[in-house]
Amino acid sequence: MAQLRQRQLYSGVTLLVFVLVMVSGFNLAADRNGGSFWGGLKNFFDYPSEVVGEAAEKAAELPAHFKTFFPALVETINIAGVSTLIGALLAIMLSLLSTRGLARWPRMIFFFRRVMDIMRAIPEIVIALILIFVLGGGPVPAMIAIAFHTTGALGKLFSEVNENADLKPVDGLSSVGANWTQRMMLGVVPQVAPNWLSYALLRFEINIRASAILGFVGAGGLGYELKNAISWGQGKFDEAGAIFLLLFLTIVVVDQVSSHFRNKLTHGSAGGH
Amino acid sequence: MLLSVENVTKTFGQNNAVDSATFTVERPAMIGIIGRSGAGKSTFLRMMNRLTDATSGVLKFDGRDILQLKGAAKRAWQSDCAMIFQQFNLVPRMDVVSNVLHGTLNKRSTVATMFNLFPQSDIHMAIEILDRLGIAEQAPKRAEALSGGQQQRVAIARALMQDPKIILADEPIASLDPMNAQVVMDALRRIHEEDGRMVIANLHTLDTARRYCDRVIGMRDGRIVFDGTPDQLTTGAARDIYGADASFSEAATSTSIDALEGVPA
């Protein structure tokens with residue numbers, strides 16, 4: 001009984017501390033804020049309603065805007081596609097080099113794993129900002145930035161897939177005198193390719209969003225157009241609406257198509273083994 | 001002298017998996033290695049193929065110590081010394097012909113083989129070998145779709161595709177039913193007789209060793225404790241190899257269909 005009461009006391013104190021931290025933290029943040037949080041909250045819906053209102057007013061122009069911004073959409077998808085492809089190829093190499101039992105140089109596994117950790121840890125936008133300073137704006141810095149991050153992210157997932165690969169075929173290929181590249185390409189890849197492809201498709205979806213966001217920092221594509229259109233007071237909210245819709249529809253379509261194929265890849269072939 | 005094994009030893013921690021194995025083979029023969037599980041048979045074959053490194057010893061083939069080979073020279077030796085496994089070790093998702101063509105990987109360029117580009121003559125040869133083993137009609141199927149006995153014959157075809165000097169077989173029939181076991185052992189014997197290749201097979205049944213081999217080597221706890229002709233392999237010698245007492249009966253472990261006739265019902 002005494003024990004129970006003590007435990008209840010501890011829970012109460014924890015809750016109290018939690019509430020105090022929340023309140024004081026919130027007040028501190030509200031004080032530091034440029035405007036007033038509570039004052040701003042009342043106007044929260046002014047901006048979206050103006051965007052939606054203006055876009056609805058000029059709804060007739062939407063199809064024309066779709067046409068105008070279509071090339072920018074293609075650029076965004078292009079950046080995502082190329083960076084996913086390059087990232088996946090590098091990820092394949094790094095993942096094979098960092099999987100126990102498959103690695104070409106077993107002592108280097110730790111090194112290659114840390115390389116992937118670092119590549120994964122740096123956000124795309126940081127790399128893109130630096131590269132835009134160095135190379136100037138455009139799709140190439142965005143592509144490099146996304147490919148860099150993709151390599152780290154996919155490399156980790158791929159090496160987890162590799163760990164489940166059956167080593168018997170690899171042993172069989174070793175016994176005929178096949179070199180490392182041949183063992184990997186012919187012994188491991190046929191086993192893991194469906195899962196790799198599934199992860200790469202998922203990453204492609206993520207990269208479309210990433211490439212749209214990178215447009216905001218000057219990397220071109222749909223994000224750049226959106227940044228120009230969405231600023232207040234230019235009367236371009238119809239364009240912003242069109243871009244939003246375009247991006248939204250693209251992501252939905254890619255999402256649906258890729259999840260269809262991913263399902264096929266992971267479940268369709270499961271019966272074979 | 002063709003093959004000489006001198007004091008080949010493999011140590012895992014404190015254990016000697018293979019302890020000073022020594023024997024010589026003067027001319028191509030069909031040799032069976034018997035012994036209970038853990039006696040070091042598999043480790044010995046894996047060392048010969050260089051899948052596993054030996055701890056010490058010398059293993060000479062035509063005067064060259066193959067335990068010292070490294071890199072490309074080691075892979076060239078592996079291509080001369082084919083290996084057949086208990087679990088077949090084929091690539092399950094690839095078709096049978098591709099699996100057989102893998103036997104030529106060491107002789108072809110990496111880039112060409114990566115894209116499955118093999119010379120037309122190699123493909124014809126692969127199908128001829130499959131035909132010789134009686135499974136040519138399975139050629140376009142995926143390896144995983146075949147029965148165990150068929151998969152083992154594909155593995156033998158891959159070994160033949162290497163055009164090897166020696167074929168090592170590590171428990172080739174241990175996961176097969178008696179019918180398929182006989183087909184596979186007959187194939188190995190025929191390869192030895194028709195092509196004059198040396199065959200060294202780890203076997204887990206005495207009657208298979210007696211029936212198919214010219215020479216039998218018995219291993220116990222990593223040591224070679226018997227080396228002689230099948231005739232010299234008496235029940236007493238077998239009991240020594242397996243460390244069994246008088247209740248040991250050969251028929252009880254046999255996988256041969258004929259042996260069943262000798263067992264009282």
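This briefing describes how helices, strands and chains are arranged in the structure shown above. The model is a predicted one, and the account moves from the contact between chains A and B to the sheets of chain B and then to pairs of helices. Chain B contains an open sheet of 4 strands with antiparallel pairing, as well as an open sheet of 6 strands with mixed pairing. Helix H1 (residues 41–49) of chain B lies across E1, E2 and E4 of chain B, and H1(B) also packs on the sheet that includes E3, E6, E7, E8 and E9 of chain B, touching these strands.

**Contact between the chains**

- Across the two chains, 26 residues of chain B are in contact with 20 residues of chain A.
- On the side of chain B that touches chain A, the elements giving two or more residues are helix H2 (71–80), strand E6 (81–84) and helix H4 (110–114) of chain B, and the largest share, 4 residues, comes from H2(B).
- Divided by class, the residues on this side of chain B are 11 nonpolar, 11 polar and 4 charged.

**The sheet of 4 strands in chain B**

- The strands of this open sheet follow the order E2-E1-E4-E5 (chain B), and their pairing is antiparallel.
- Strand E2 (15–25) and strand E5 (64–65) of chain B stand at the edges with a single partner strand each, so one side of each has no neighbour in the sheet.
- Strand E1 (residues 3–12) of chain B pairs with strand E4 (residues 56–61) of chain B in the antiparallel sense over 5 bridges, and Ser4(B) has Lys60(B) in E4(B) as its bridge partner.
- Where H1(B) lies across E1, E2 and E4 of chain B, the helix runs at about 65° to E2(B).

**The sheet of 6 strands in chain B**

- The order of the strands in this open sheet is E6-E7-E8-E3-E9-E10 (chain B), with mixed pairing.
- At the edges stand E6 and E10 of chain B, each of which has a single partner strand, so one side of each is left without a neighbour in the sheet.
- From one strand to the next, the twist of this sheet averages 20°.
- Strand E3 (residues 30–34) of chain B pairs with E9(B) in the parallel sense over 4 bridges, and the bridge partner of Ile33(B) in E9(B) is Ile217(B).
- H1(B) packs on this sheet, and the direction of the helix makes about 150° with that of strand E7 (166–170) of chain B.
- Strand E9 (residues 215–220) and strand E10 (residues 223–228) of chain B pair in the antiparallel sense over 5 bridges, with Gly218(B) standing opposite Phe226(B) in E10(B).
- The hairpin of E9(B) and E10(B) has 2 residues between the strands, and within this hairpin Asp221(B) takes a positive phi near 50°.

**Helix pairs**

- In chain A, the axes of helix H6 (residues 124–135) and helix H7 (residues 139–163) come within 8 Å and cross at roughly 145°, in a right-handed crossing.
- Residues of H6(A) that meet H7(A) include Ile127(A), Leu131(A) and Leu135(A), while those on the H7(A) side include Val140(A), Ile144(A) and Phe148(A); by class, this contact has 12 nonpolar, 1 polar and 1 charged residues.
- In chain B, helix H5 (residues 120–132) and helix H6 (residues 148–161) pack at an angle of about 135° with their axes 9 Å apart, which makes H5(B) oblique to H6(B), and the crossing is right-handed.
- The contact is made by Met125(B), Ala126(B), Ile129(B) and Leu130(B) of H5(B) together with Ala157(B), Leu160(B) and Met161(B) of H6(B), and by class it has 7 nonpolar, no polar and no charged residues.

Conventions. Residues are numbered from 1 along each chain as its sequence is written. Chains are lettered from A and ligands numbered from 1 in the order in which they are written. This is a predicted model: local features need pLDDT of at least 70, side-chain atom pairs count only at pLDDT 80 or more; totals for chains, interfaces and linings use all residues. Axes are lines fitted to C-alpha atoms, for helices over the stretch in contact, and angles run from 0 to 180 degrees between N-to-C directions. A crossing is left-handed if the near helix is turned anticlockwise from the far one by less than a right angle, and right-handed if clockwise. Two residues are in contact if their C-beta atoms, placed from the backbone, lie within 7 Å. Ala, Val, Leu, Ile, Met, Phe, Trp, Tyr, Cys and Pro count as nonpolar, Asp, Glu, Lys and Arg as charged, and the others, Gly among them, as polar. Two strands pair if DSSP finds at least two bridges between them. Angles under 35 degrees count as roughly parallel, over 145 as roughly antiparallel, 65 to 115 as roughly perpendicular and the rest as oblique.
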